[in-house]
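Let's go through some labels people put on a structure and ask what earns each one. Here's the one we'll talk about.

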Amino acid sequence: MRTKLLYDKDPRTVAAVFDTDDEAVDGLVSAAREHALPAASLTGIGGFRSAVLGYFDPDAREYRRIPIDEQVEVLSLTGDVALGEDDRPMVHAHVVVGLADGTTRGGHLLEGRVRPTLEVVFHESPGHLQRRHDPDTGLPLLRL
């Protein structure tokens with residue numbers, strides 16, 4: 001993965017271009033940390049050779065894993081960056097992927113193995129978002 005600061009005024013804009021076999025979630029976190037993005041929105045497109053999406057089951061308080069073991073187009077990747085309880089950037093991203101037959105799958109991005117590329121743009125948010133553990137859901141939710 002390569003990253004570049006595209007706009008260095010406040011708020012900053014950063015691009016990340018992933019290579020084949022890069023792991024998307026790890027790369028998103030690495031890009032946010034590399035550029036010290038405490039709060040940002042992100043969007044992206046590209047492709048995965050495999051992925052694991054998640055559907056949050058509120059009764060079980062856990063993500064149901066949705067494995068995808070085929071080449072897919074990343075039709076829409078959207079999410080945010082916020083500081084976690086350890087004051088390090090955390091990424092929360094959802095994705096819609098297109099299968100070869102034109103059907104789609106979507107959910108929380110848990111894992112994504114890039115093929116051939118993934119192009120992501122981060123737009124820094126002027127306010128610093130924070131994620132804190134919510135005892136009711138068990139999730140790290142945004143605190144304003």
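Below are some questions and answers on strand pairing, salt bridges and burial.

Q: Before we start, what kind of model is this?
A: It's a predicted model, where local features need pLDDT of at least 70, side-chain atom pairs count only at pLDDT 80 or more, and totals for chains, interfaces and linings use all residues. Residues are numbered from 1 along each chain as its sequence is written, and side-chain values use heavy atoms, with hydrogens and water left out.

Q: What makes β3 and β4 a pair of strands?
A: Strands here are DSSP runs (E, at least two residues; helices are H or I, at least four), numbered from the N terminus. Two of them pair if DSSP finds at least two bridges between them. Strand β3 (residues 40-57) and strand β4 (residues 62-68) are joined by seven bridges, so they pass, and they run antiparallel. Phe56 sits opposite Tyr63 in β4. The two strands form a hairpin with four residues between them, and Arg61 in the turn has a positive phi of about 60°.

Q: Why is the contact of Glu124 with Arg12 called a salt bridge?
A: The term asks for a side-chain nitrogen of Lys or Arg within 4 Å of a carboxyl oxygen of Asp or Glu. In this pair the closest N and O atoms are 3.0 Å apart, so the label fits. Glu124 is in strand β7 (residues 104-124) and Arg12 in the loop between β1 (2-7) and β2 (13-18), 112 residues apart.

Q: What makes Asp21 and Arg49 a salt bridge, and which parts does the pair tie together?
A: Their side chains meet at 2.8 Å, N to O, so they satisfy the cut-off too. Asp21 lies in the loop between β2 and α1 (24-34) and Arg49 in strand β3, so the pair ties together parts 28 residues apart in sequence.

Q: How do you know whether Arg64 and Asp57 count as buried or partly exposed?
A: Buried means under 20% relative accessible area, exposed over 50%, and partly exposed in between (1.4 Å probe, protein chains only). Arg64, at 48%, counts as partly exposed, while Asp57, at 15%, counts as buried. These two also form a salt bridge, with the closest N and O atoms 3.5 Å apart.

Q: Why is Asp80 called buried?
A: Asp80 has 17% relative accessibility, so it counts as buried. Asp80 is found in strand β5 (residues 72-83).
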